[in-house]
Amino acid sequence: KSRQISRSLIFFKLLVIASILALIYYLAVPQLIKFFYRGKYNAGLALIPISAIIGFFRIISVLPNSIFQGPADIKNTRLYVIFSFLIALVACASIWVGAYLNGAIGGLTGLLYVYILRCVVFYWIFLKCPINEYEKDRE
């Protein structure tokens, strides 16, 4: 139970940090682009909200990724590798189809779906399974 509490606390802290950074990105980057480039790249400003959301999911995916690339046991690492491969295939298809149908916004939307899928799958593995033999003994 303490493992679950500490994982939940770390996850909550990551959510707060990611939310703050995504909000800063969403609010500040368009203003900086307008200021430094004087309207030259204003057409790309429509991509900023999607990019901010993708950044949020990239930040919160750090926790399970670092665990699975470090102290995870072989079963969980194997699950992580299999799902990583499958998600990479989904990413290729999703981004290609999105870009083909809707250009840059479609490609970014496809990437957003991939990051959401990654977070859901990897956190499911991370929260459901013990990380290593030491945690199995503590349960």
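The following questions and answers go through a predicted model of one protein chain.

Colleague: What conventions apply to the numbering and to the model?
Modeller: Residues are numbered from 1 along each chain as its sequence is written, and side-chain values use heavy atoms, with hydrogens and water left out. The model is predicted, with local features needing pLDDT of at least 70 and side-chain atom pairs counting only at pLDDT 80 or more, while totals for chains, interfaces and linings use all residues.

Colleague: How many helices and strands are there in the protein chain?
Modeller: Helices (H or I, at least four residues) and strands (E, at least two) are DSSP runs, numbered from the N terminus. From that end, the elements run α-α-α-α-α. The count is five helices and zero strands.

Colleague: What percentage of the residues of the protein chain count as buried?
Modeller: Buried means under 20% relative accessible area, exposed over 50%, and partly exposed in between (1.4 Å probe, protein chains only). The chain has 139 residues. The buried portion is 34%.

Colleague: Among contacts between residues at least 6 apart in sequence, what percentage join residues at least 24 apart?
Modeller: Contact means heavy atoms within 4.5 Å. With pairs at least 6 apart in sequence as the base, those at least 24 apart make up 77%.

Colleague: How much of the accessible surface belongs to carbon and sulfur atoms?
Modeller: Accessible areas come from the Shrake-Rupley method with a 1.4 Å probe; for residues, only the protein chains shown count as cover. The chain total comes to about 8900 Å². Carbon and sulfur atoms hold 71% of that surface.

Colleague: Which element supplies the largest share of the largest nonpolar core?
Modeller: A nonpolar core is a set of buried Ala, Val, Leu, Ile, Met, Phe, Trp, Tyr and Cys residues joined through side-chain atoms within 4.5 Å. The largest one has 24 residues, and those with the most contacts inside it include Ile54, Phe57 and Phe122. At least two residues each come from α1, α2 (48–60), α3 (62–68) and α4 (74–128). The largest share, 13 residues, comes from α4.

Colleague: Which residues does Ile54 contact, leaving aside its neighbours within four places in sequence?
Modeller: Ile54 is among the residues with the most contacts inside the largest core. In soluble globular proteins, nonpolar side chains tend to be buried together. Beyond its sequence neighbours, the partners of Ile54 are Leu108, Leu111, Leu112 and Tyr115.

Colleague: What is the area of the nonpolar surface patch that includes Val16?
Modeller: Patches are made of residues with over 30% relative accessible area and no salt bridge (a side-chain nitrogen of Lys or Arg within 4 Å of a carboxyl oxygen of Asp or Glu); like charges are joined within 9 Å and nonpolar side chains within 5 Å (Val, Leu, Ile, Met, Phe, Trp, Tyr). Val16 lies in helix α1 (residues 2–37) and counts as partly exposed because its relative accessibility is 36%. Its patch, made with Leu9, Phe12, Ile17, Ile20, Leu21 and Ile24, has an area of about 640 Å².

Colleague: Is Ser61 buried or exposed, and which backbone oxygen does its side chain reach?
Modeller: Ser61 lies in the loop between α2 and α3 and is buried because its relative accessible area is 4%. Leaving aside neighbours within four places in sequence, Ser61 contacts Arg118 and Cys119. At 2.9 Å, its side chain reaches the backbone oxygen of Arg58.

Colleague: Which backbone oxygen does the side chain of Ser94 reach?
Modeller: Ser94 has its place in helix α4 and counts as buried because its relative accessibility is 18%. Not counting residues up to four places away in sequence, Ser94 touches Gly110 and Val114. The backbone oxygen reached, at 3.0 Å, is that of Gly110.

Colleague: How far apart in space are Ile105 and Ile50?
Modeller: Ile105 is found in helix α4 and is partly exposed because its relative accessibility is 38%. Its contacts, leaving aside neighbours within four places in sequence, are Ala46, Leu47 and Ile50. Ile105 and Ile50 are 55 residues apart in sequence, and their C-alpha to C-alpha distance is 8.0 Å.

Colleague: What is the phi of Arg38?
Modeller: Arg38 sits in the loop between α1 and α2 and is exposed because its relative accessible area is 71%. Arg38 is not a glycine, yet its phi is positive, at about 50°.

Conventions. A polar contact is a pair of N or O atoms within 3.5 Å; within protein, one must be able to donate a hydrogen and the other to accept it, and residues adjacent in sequence count only if both atoms are side-chain atoms.
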